[in-house]
Each structure stands twice: as structure tokens, then as C-alpha cells.
Amino acid sequence: MTTSSNPAPSPAIDVAGVRFAYDDTVAVDDVSFSVPSGEILGFLGPNGAGKSTTIKMLTGQLNPDAGTIEILGMNMPGQRETIQARLGVCFEEKNLYLSMTGGENLVFFAKLFGIRDFTPEPLMERVGLSARLDDRVSEYSKGMRQRLMMARALINTPDVLLLDEPTNGLDPVSAIGIRDLIRGEADRGAAVVLTTHDMHEADTLSDRVAFINQGTILTIDTPDNLKLAHGQRSVRIRTRDGDGVDELVIPLDGAGAGDRIKDAVSAEGLMTIHTEEATLEDIFVEYAGRGLAG
Amino acid sequence: MTGSRIAAIIGKDLREFSRNRFFVFITLLVLVAYVAVFWFLPDSVDETVRIGVSNTVLNTDVGGVTESGTAGFALEIYASEEELQTAVEEGRDGIVAGIAFPPDFLASTAAGETPTVRLLIPAGLPPEIQLLLEGAVSEIAFGIAGVAPPVDPITKAVVLGTDRAGNQISLREQMLPMILIMVLMVETFALSSLIAVEVQQRTVVAILATPVRIVDFLAAKGIFGVGLALSEVVLLGLLIGAFAVNAPAVFVILLLGAVLVTGFGMIAGSYGRDFMGTLLVSMLFMIPLMIPAFGALFPGSSPTWVKVLPTYGLVEALIDVTADGESWSQIAPSLLLLAAWGLAAFAAGAFILKRRVATL
């Protein structure tokens, strides 16, 4: 009989006790989290909460004042260049070369990653821009630029993907396409950290979400766990009663809840059935004492 | 690997530059316009002072000095005083002033009288020319009267600096450093604009999220800036014949000049907020840097403080080589001064740009 002595694989991203201040203003304080390969961690918080500062420290743009950052088992910023070769970043600002075509932008960044014989067509195809490959980026719409940003983040088939508001400014159809792309990258094995204002995005896309406010992580958990922990386990059923509407709230934890729901649903005049699950924003407000807007 | 990344950034910059219609237009315009201006400028200096003389008395050579160009002094003979006056007023025949001898000049002289000779001087004539005229009157009068001057002192001239007598620097030669420096300045603006756009659109942040190091980025900008400025100024130099004398020295001077302006281009690009802001910051550097070149147009007019300007060594070295044909050893002090300023400006530019990028 043999026993496996392999240690548990280290997380792709491991952040411990990180702090960063812009002069006297503390932007991030004692932030710790880890992200294993194949997981999507959503950073949820209002403007100025510390999301982008955290991303900047992960990309090597900022050096933490305290704490440690390990990415793929290497120290950031100590092994910055080695890590960056395996990192894909989608910035909040659309920092593309406007006088160059979409294809030229991708080829240029491929050269910076040291990728030889790079052809941009497959990536442009993935983000739905193959028809605009040879158009200058100055002629792209805001949404098209965002999709090109996403394509640029995938040039080096990254092991770690850092996405700052990746669907910001996109129409719903394009946003769905980008979310599918992100999910595909996680399924491929990339560890993904994304920041967002969008609760729906955080809810549907993230395996776990981290609430961040005033530079501090308030909690990290799966969306389902957070909703279970903070929402009400009940069903609200509305039925038509003559000219009026009857509303029935059935707690799921009580005895006979199943029978009561079955009776209500089989009754005539059924209009709507809703769970009383809390939204992520409700839970964020509960933690932070403020909403996500602003 | 670092080299290929630097090459990629330079290639990208070159592509952006070539697609910017404004930069391409300005670059071509500067080349064509400066070359045209240069070749239209006179390439020789006429050092002869021409003076009109009304000779109603004699039709002979006035004192033997009417031969044009003799000792830098030539006389034009006019039949009457009225004709002479009109010629002076209209600046005809290149004369700067006139000497009107009275019709009875010979008779009065022969009778031992003192005749009055009228000097016709246009407004604005420099006083030294007026003194020259008064001396010329005596010379011509002695020549006509056939009497030797009463005093004949021995004179010995000591020339301070390069003796340019008979070999004055032409306007074309004087303009040469100015034209070359103007081209370097234009490319300073082009580089600063490209850097400003990179900073403002934060594309540099995307570059630095790849394995490119900040030192690679700075090296790429430096090489591109120096290459851009040097290639254009060398091309212009070839078109205007700047390499006719000691071409290697001229090339080294222009190379150091390109390093100097690239440093200032990096500084201007770091502070420029938009096109107009970058233009304004660039002008703040360009105007003082042009002063030594203006000084070269008017030799002896520059105050001492001009020597502390970074382009002073550049202008001095260029004039010394292209106009005076000086050797390496003779231009060494100017070259060392230029090299010191070039390295200082480049280091300052790289440092400021690095700090600017770190704040993004």
C-alpha cells in the first residue's frame, strides 16, 4: 500500500496582510485572500473601496507597503517579470493604441510577451472582432474596445487573469459573451480575479465573492453561502382572489412547508412564486452599512 | 529578449509617428523649407564699401582709387551732384554715401584756398562709415591735388580671434547651426507628444504589465527619440552641405545634440497633459535652447549668461567645425560641454518620465 505524501497544491494567488497607502491615505489595509487555479474570485465594492489598488499590486504596478503577495508560487514584486509573463490583465481604462488596428495592437503585445509567430485572428474571433481586425482602434465603439482589451489579456494564455471591471460599458449581449469567455478561461485552469460593481455579474460569474469596503475585506464566501446565511428561507406566493390579490409567505424551515407550498401552487388563480433570498447588495449593505453605488 | 522587446516598442513608436499626419507634415515641411531657405541665402560676403563721388571737375580716375574692390573700398562716379544725391537717396548702385566735390575744387586747391566738400549721408548710416568718408575725402583730395599726406604713421594691426578679413562668414554659414538646431527642436516636440499620449492614455501601464521593465521602456523611448532627431538632422545636414568639413566631428556633434533634445523631449512629454499642454511645455524648453543659435547670427551680441545654456556647446562646436574648419582638439572643450549637458538632460528626462509613470 502506498500513501500519497504530495502536499496540497498551493493557490495560484496568495495575498497575506497586504497594506498600501497613497501618501497619508490608506487604500488597502490588511487584505488577505487566496485564489486556487480554476476559480473566479469577484471583488465587490463601491468606488474607492480598494479594488483597483489591490489589482495594481497583483499586476506589479504598485508595491505593497506591508504584507506578501505570492502568484504561482513566486513573490510579487520580487519576481515581477517571471510572474508577468504568465499574467493576463484587463484594465479598467481602455489603454489601447488608437492609431493602430486591433490586430496590430495584439501583435505588438504578443512581441512584448516574447511570443513568436503570433496570429491575432483566433483571438479576434473569440471576442467577435474578426471582421474589424484591420480597422484602427480609433474607429471602434466603446464596447468593441472593451472586447479588444479582453482579447489582449488572453494573448499569453495566462495562468492568472486579473480583470478590472471587464464588462463595464458593454451592451447586455456583449457582456454575456465576455462572461462566457471568462468562465471558459477558469474552466481551462486559470485563476481569475475580477472587480465589478455589477452584483448580477458577481453573482453569476464568481465562484466566491469578496466584499471590500474602505480598503478592508469584510467577508469572502460563495454567493450561495452568503445568500443562505443572510437571506430568509421562505417562499412568497401570490394568488388572485376575485378582484384582489392574496399573498402567502411560507417559511421553508417550518414543519410541513412542502405540503403548504404544494397546496398553494395547485390552488386556482396562482400568479407568482418568489423565493425570499437576499441579494448580494442586501448582504453588502448589511456588512458595510452602505450600498455599492458611489 | 530585452532587446527584442525594446525593438518592439521602437517599432510601435515609429508606426504611430508615421501615422500621425501632423508629425509627418511638419517633418517634411521643415526639411523642404529649411533646405530651400538655406540655399536661397547668400553664400558670400561683399566687404567692399561703395561710395558715390560727383566728379564735375575731372573725368579722370579720382585719385586712382575708383577700381572696384580695391582695399575693400570702391568709388562710383556721377556726372553731377544732383545725380549723386538721387543715387544716395535711392541707394542706387550699392553706394552707402556720397562725396560731392565743388566744381571749382581744383582751382580753389591750386589757389591755396580751402574748398568745401559735401558729404551726402543717408539717415541711419553707422558713425564708423561717416568717419571712413571723412578720411576718404582727404585721401581723394590729396590724390586729385597730387600732394602727399602730411603724416604717414606706421600702423600695425593686431587681430583678436579668428582673422576673417576678406573671408567673412556668410549668412548661409551663420544660419547653418540655427537650421540644424531648429530641426532637432521639432523632433523634440514629436517625441514629447508621443510620450505624453502614452502617459495620458495609460498605454504605458499596459506595457509594464507585461515582462517589459521600466528600464526597457525608457531605453526604447531614448533610442527612438535620438534616432528620430538624429536621422532627420543628418538628412538635413546632407542636403545643406553641413558635412563638407570634418564630417565625423559634425556627426558626433549632431548625435550629442540629439541626445540632449531627447532628454528635454522626455521631460516635456512627462508633464504634457494634452496636445496644447505638451506644445506649451515643449516651447518652454525650445525658446531658451534656441538663444545660442540666434547669438551665432549676430556675432559678439550674446551676453555671458548664454554660455550656461545647454545648447551653447552645440552651437559653438558646429560653428567651429563648419565655419572655421577647426580640428577635434580645438572643438574638444565645446564637445565636452555638450556631452555633459546631453547626458545630464537625458538622465533627468529618464528620471522624470520614470517618476511620472510610477504615479499612473
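## Domain separation, sheet and interface in a two-chain predicted model

The centres of domain 1 of chain B and domain 2 of chain B, taken over C-alpha atoms, lie 52 Å apart. Domain 1 of chain B covers 2-42 + 169-358, and domain 2 covers 49-145; these bounds come from an automatic or database domain assignment. The model is predicted: local features need pLDDT of at least 70, side-chain atom pairs count only at pLDDT 80 or more, and totals for chains, interfaces and linings use all residues. Residues are numbered from 1 along each chain as its sequence is written, while chains are lettered from A and ligands numbered from 1 in the order in which they are written.

**Confidence**

For the complex, the predictor gives an ipTM of 0.82 and a pTM of 0.75. Chain B has a mean pLDDT (the predictor's confidence in each residue, from 0 to 100) of 80, with 85% of its residues at 70 or more. Within chain B, helix α7 (residues 203-208) has the highest confidence, at 93, and helix α5 (residues 127-145) the lowest, at a mean of 73. Residues 63-70 of chain B have pLDDT below 50, and this stretch has 18 contacts in the model beyond near neighbours in sequence. Residues 157-161 of chain B are also below 50, with zero contacts beyond near neighbours in sequence. Two residues are in contact if their C-beta atoms, placed from the backbone, lie within 7 Å.

**The two chains**

The table sets out the content of each chain. Helices (H or I, at least four residues) and strands (E, at least two) are DSSP runs, numbered from the N terminus. A residue is buried if 20 or more other C-beta atoms lie within 10 Å of its own, exposed if 12 or fewer, and partly exposed in between, with C-beta atoms placed from the backbone.

| Property | Value |
|---|---|
| Chain A, secondary structure | 10 helices and 13 strands |
| Chain B, secondary structure | 12 helices and four strands |
| Chain A, buried residues | 40% of 294 residues |
| Chain B, buried residues | 38% of 360 residues |

In chain A, 66% of the contacts with a separation of 6 or more are between residues 24 or more positions apart. For chain B, 74% of contacts between residues at least 6 apart in sequence join residues at least 24 apart. The C-alpha atoms of chain A fill a box of roughly 70 × 60 × 50 Å, taken along the principal axes.

**The six-stranded sheet of chain A**

Chain A contains an open sheet of six strands with mixed pairing, in the order β6-β7-β8-β3-β9-β10. Two strands pair if DSSP finds at least two bridges between them. Strands β6 (87-90) and β10 (216-221) of chain A are at the edges and have a single partner strand each, so one side of each is left without a neighbour in the sheet. From one strand to the next, the twist averages 15°.

Strands β7 (residues 160-164) and β8 (residues 191-196) of chain A run parallel and are joined by five bridges. Leu163(A) has Leu194(A) in β8(A) as its bridge partner. Helix α6 (residues 172-188) of chain A packs on the sheet and touches β3 (40-44), β7 and β8 of chain A; its direction makes about 150° with that of β8(A). Axes here are lines fitted to C-alpha atoms, for helices over the stretch in contact, and angles run from 0 to 180 degrees between N-to-C directions.

Edge strand β10 of chain A includes Asp221(A). Asp221(A) counts as partly exposed because it has 15 C-beta neighbours inside 10 Å. Beyond its neighbours within four places in sequence, Asp221(A) is in contact with Arg208(A) and Leu226(A). The C-alpha atoms of Asp221(A) and Phe211(A), 10 residues apart along the chain, are separated by 9.1 Å.

**A hairpin in chain A**

Strand β11 (residues 234-241) of chain A runs antiparallel to β12(A), and eight bridges join the two. Val235(A) stands opposite Ile250(A) in β12(A). The two strands form a hairpin with two residues between them, and Gly242(A) in the turn has a positive phi of about 60°. Strand β12 (residues 244-251) of chain A is hardly covered, with zero buried residues among its eight.

**The interface**

Contacts between the chains involve 19 residues of chain A and 21 residues of chain B. On the side of chain A that touches chain B, α2 (80-84), β6 and α3 (102-112) of chain A each supply at least two residues. The largest share, four residues, comes from α3(A). By class, this side of chain A has 10 nonpolar, six polar and three charged residues. Ala, Val, Leu, Ile, Met, Phe, Trp, Tyr, Cys and Pro count as nonpolar, Asp, Glu, Lys and Arg as charged, and the others, Gly among them, as polar.
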